[in-house]
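Let's take a walk through this model together, stopping at a few places worth a closer look. Keep the viewer open as you read.

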Amino acid sequence: MSASASSLHRPTVEWFAVTLLCVLLTLVSAVEGWLWRIDQTLYDGVLSAWTQPASDDVVIVSIDDASLSSIGRWPWSRRVHAALIDLAREAGARAIVLDLILDAPSLDDPGADMALARAIHHQGRVVLPMTQATTGAMLSGEVRPLDVFVDAAAAIGHSQVEFDPDGIARSVYLWEGFGAARHPQLSLALLRLLEPEAADRFPPPPTGEGLDHQQWQRANWLRMPFSGPPGTYTHYSYKAVLSGEVPPEALRGKILLVGTTAAGMGDAVPTPTSGLSRPMPGVEVQANVFDALRRGAAVMPLSPWVSAAVATVMVVVVMLILLYAEARTGLLASFILGASAVLLAGLGLHLGGWWFGPAPAVLGCVLAYPLWSWRRLESAQRYLDAELIALEREGTPLGLPVDEGGRTAADPLERRIHIVRRAAQHQRDVRRFIADTLEHLPIGVVVIDQMDHVILHNERARHLLRAFRNDALLSALRGLPWPTYLPMRDGLPDVSGFSGTRQFELSPDKKRYLLVSVADLFSESSNRPGRVIGLADVTTMHEAQRSREDTMHFLSHDLRAPLASILTLIDGYRDDPVLQAGQIPRIARYARSALDLADGLFRLVRAEGSDPKDFVELDLAGLVDSAADEVWPQANARGINIEVDTRDAEKEEAIIRGDFSLLRRAVINLLTNAVKYGNAGSHVSVSLKAEGTDWVIRVRDQGEGIPADALPRLFKRFSRIVDEGRDKPSGVGLGLIIVKTVAERHGGSITVDSQVGVGSTFELRLPLRGQTADAVGV
C-alpha cells in the first residue's frame, strides 16, 4: 500500500518541482533583463511590420549630395539658408525646423547672420536645435544657437536621441538640459508651437531642489514608434527647392524640416525600421518623433514585474496542460503559448501602445516541455525496468524457446532494448499464433466485448455472415432470426442465466442453415460479460438429410411399386399357368423399371462420390461419338435422326481431364431425353465446340419444348416434366440431376434454353485440360 501511495505521490512532487524551476527562471530573466537582446529584436520586428502612415504635411528638405554639388562645399553662406526660408514663407509653409547648429558667427560674411536672423524673424515659425557641449568624454554644458538666432526663432529644442545597448536608436527624452531638464525635445518644441493642446500631454518636469547643476539632466523618457524605414517621408532636395524646381503649391501648408542627409555629414542613426538599408538621418528621426507626439502614439514599456507575472501565468498553464494532456498535445501547447506571448506583445504594441518583453515567457513555455518530459521519461524508465525484470522471470508464452543467443551488453540501455526486443517478439509470436489459429478454424468465431464492440473475428465468420467490417458483423448477428422465446440483450441472446454454451439452429435466408453457439465471456475489470459466438454452416447436412428423405420416399414408392406389381401378377395367376405366362411382358416391364431406378441411383451416387484426383485425360470427340452410337437404336425406333458435329476437334484436340464413363453417361442422358421428348421423325443434333477456355457439348431436339415455369425443376432429384395431353414419361427423374452432378464435379456447368413448340437445347460446358482441378477446388 505504501509503495502504491509513493508511486502516486512522486509525479505530483516532480511536477511542482519542475513548475517552480521554470517559474523562477522566467521571473529572474524578466526582472533582470537577461533576454533583453531577444526582446529588442522582437520589438524591432513588430515595429517594422506594423508601421503607421507618415503625415502628408511633414516634408523633409534634404541637404544632399546633389545640393552640395550644385551650391558648393559646406558650410554654405547663411544667406543661402535665408533665401530658402524666405522662399518657403512666400510659398505659405506652415513652420520650419532648421536642424542646423548655428553656434558660431559667420566670419567671412558678417552680414549673412543678420540676413538669416531677419528671414527667421519674418517667417515667424522657425525652430532651431541645441545640443550638448562636451570636453573630451565629459559633458560640460550646452551648445546653443547665437543669441541673434535665438531671439529671432520661435522656439529652440534639443536634438538628442537615445541609443540602447545594442546601438539602435529607439527613444528620446522629451526634456533635457545642463543643470535642469528645461529644453523641450526639438519635435516637442515644434508641437508646442503648432498644436499647444496636443503638446500639453507632455508638460515640463517640475524644477525641484537638490538637482546637480553641473550634470546633464533628462526627464520624460519616450520610446518612439516609427512610420517606416528611411525615406518614408516626402523628401525634396535643398537645391531643387531653392531653384524653384519644387512648385510653391508643394510647400503650402507644409511643415518643413531642413537637415543634412549627404553622406558623411548627417547625424544618421540606426533605427528599428532601418533593416538592411542605410541609417536614418537625424532630421527624419525628428519627423518620426513629431508624428508620434502629435498622434499621442508613444510606446509605453510595461514594468518588468508585470511582464514577469504574465510570463508566470503562461508557464503555469503550460505545466497544467503537460500534467493532464498527452505528450503531443503538451508539445503543441508549449509552442502555441510561446507564440501567444509574442502575439500578445505585438497586439499590445499595435493596438494599445504598450510593450512587454515576451522572451521570458517564451523561454519558460519552451523550457517546460523538455524538463517535464525528462522527469516523465525517468519515471517511465523506472517502471519499464521493473516490468522487464518481471517479464524475464515469467519466461516465454506458449512454451516457445527462449532466445539466449548474443552476449550481454554493458550499456543498461542496450540491455533494456534486448529484453524489450525479446518480449516484443514473444508477443508477436503469441498474436500470430492466436490469429492463425482463429483464421484456420473450420467454424466462424466472433468475439464481442463488454461494450458490444467486435474485437475478434475470422474469415469463416465473415463469409457466413456476409459482412466484412466490425459494425457490419454486429449488425448481421443482430439480424439473425433468433427464437422469440430467448431473452435478448442489445439485439443478441442474453445467456447470463445459463452455464456453458447454448446452441441454436437458424436459417438467415431460407437457403442456408447455421448452427450458432453463444457463451458469455467474463472479464475481471467489468461486471458486464462479453460474448463469444460460434457459427457453423450445416446447410450441407440439411441438404443431405433432405436428399435421404427424397431417396427414401422414391425408393418406397417407385421401387416398391414395380416389385409389388410383379408379386401381384405372380400370385394372381398362380393357379392358371397359361394366363401367368401371358403376364411375363408386364412383369419384365416392371422389373426393368425397378432396375432403371437402381441403376440411376447407383450412377448418381457414383457421380457425387467421384474424386477429381482420379481423373485422366480423355478425348471428348470420341466420347460424343460413343454416346451417339449408344442412343442410336432408341432414336431409330422413333424415326429420329441423330446428327453429330465434332469438326472443332479436328482443328484442336478436345482433351480434358475427367471420368470417361461419367461424362459419357451424362451425354447419353442428354441424348436419351432429346430422343424421348423429341417429335417422331425429327432431328436431334449433338455438337462439340471450342469456346474460349471451354469445350461445349450442345444437344438440340425438335420436341414440344419446356414451359418457362418448369425450367427451375429440371435439375432436381426425381423431377419429371409432364406436358398436358402427353403420356407420362418413363424414368424416375434422375437423368438430368446426374448430368448436373457430373458437370459440377468436372468444374463445368449445364444450362438449358427451350422454347415451347420449337424445341430445347442443353449445353454442357467443360473446362480445358489443366483447369478442371482448379475449378473444383483441388
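Asparagine 220 is partly exposed in this predicted model, because its relative accessible area is 33%, which falls between the 20% limit for buried and the 50% limit for exposed. You will find asparagine 220 in strand S9, which covers residues 216–223. Have a look at its backbone: phi is positive, about 60°, although the residue is not a glycine.

Stay in strand S9 for a moment and move to arginine 218, which lies in that strand too. Arginine 218 makes a salt bridge with glutamate 162, and their closest N and O atoms are 2.8 Å apart. What does this pair tie together? Glutamate 162 sits in strand S6 (residues 162–163) and arginine 218 in strand S9, so the salt bridge links parts that are 56 residues apart in sequence. As for their surroundings, arginine 218 is partly exposed at 43% relative accessible area, while glutamate 162 is buried at 17%.

That pair belongs to a wider set, and a search of the whole structure finds 28 salt bridges. One of them joins aspartate 166 and arginine 170, with 2.8 Å between the closest N and O atoms. Is arginine 170 buried or exposed? Arginine 170 is buried, with a relative accessible area of 1%, whereas aspartate 166 counts as partly exposed at 24%. Another salt bridge brings together the side chains of glutamate 245 and lysine 239, at 3.8 Å from N to O. Here glutamate 245 is exposed, with a relative accessible area of 52%, and lysine 239 is partly exposed at 23%. Salt bridges can also share partners: Asp57, Glu195, Asp291, Arg294 and Arg295 are joined into one network in this way.

Now for another residue with an unusual backbone angle. Aspartate 452 has a positive phi of about 60°, and aspartate 452 is not a glycine either. This residue lies in the loop that runs between strand S14 (444–448) and strand S15 (454–457). With a relative accessible area of 12%, aspartate 452 is buried.

Further along the chain, phenylalanine 498 occupies the loop between strand S17 (492–493) and strand S18 (502–506). Its relative accessible area is 40%, so phenylalanine 498 is partly exposed. How far apart in space are phenylalanine 498 and alanine 519? Their C-alpha atoms are 8.8 Å apart, with the two positions 21 residues apart in sequence numbering.

Next, turn to an open sheet of five strands, ordered S22-S24-S25-S27-S26 and with mixed pairing. Which strands stand at the edges? Strand S22 (641–645) and strand S26 (749–755) do; each has a single partner strand, so one side of each is left without a neighbour in the sheet. From one strand to the next, the twist averages 15°. Strands of a sheet pair through backbone hydrogen bonds, either parallel or antiparallel. In the case of S22 and strand S24 (residues 683–691), the two run parallel and are joined by five bridges. To pick out a position along this pairing, find asparagine 641, which stands opposite histidine 683 in S24.

Helices pack on this sheet as well. Helix H20, residues 620–637, touches S22, S24, strand S25 (694–700) and strand S27 (759–767). The direction of H20 makes about 175° with that of S22. Helix H23, residues 735–745, also packs on the sheet and touches S26 and S27. Its direction makes about 135° with that of S26.

To finish, go back towards the start of the chain. Leucine 25 lies in helix H1, which covers residues 2–32. At 31% relative accessibility, leucine 25 is partly exposed. Together with Leu21, Val28 and Trp34, Leu25 forms a nonpolar patch on the surface, and the accessible area of the four residues together is about 360 Å². A last stop is the peptide bond between tryptophan 74 and proline 75, which is cis, with omega about 0°. Proline 75 sits in the loop between helix H3 (65–71) and helix H4 (78–91).

Key:
Residues numbered from 1 in each chain as written. Predicted model: local features only at pLDDT ≥ 70, side-chain atom pairs only at ≥ 80, totals over all residues. Heavy atoms only, no water. Helix = DSSP H or I, 4+ residues; strand = E, 2+ residues; numbered from the N terminus. Buried < 20%, exposed > 50% of the residue type's maximum accessible area, 1.4 Å probe, protein only. Pairing = 2+ DSSP bridges. Axes fitted to C-alpha atoms, helices over the stretch in contact; angles between N-to-C directions. Contact = heavy atoms within 4.5 Å. Patch = residues over 30% accessible without salt bridge, like charges linked within 9 Å, V, L, I, M, F, W, Y side chains within 5 Å. Areas by Shrake-Rupley, 256 points an atom, 1.4 Å probe, with all protein chains shown as cover.
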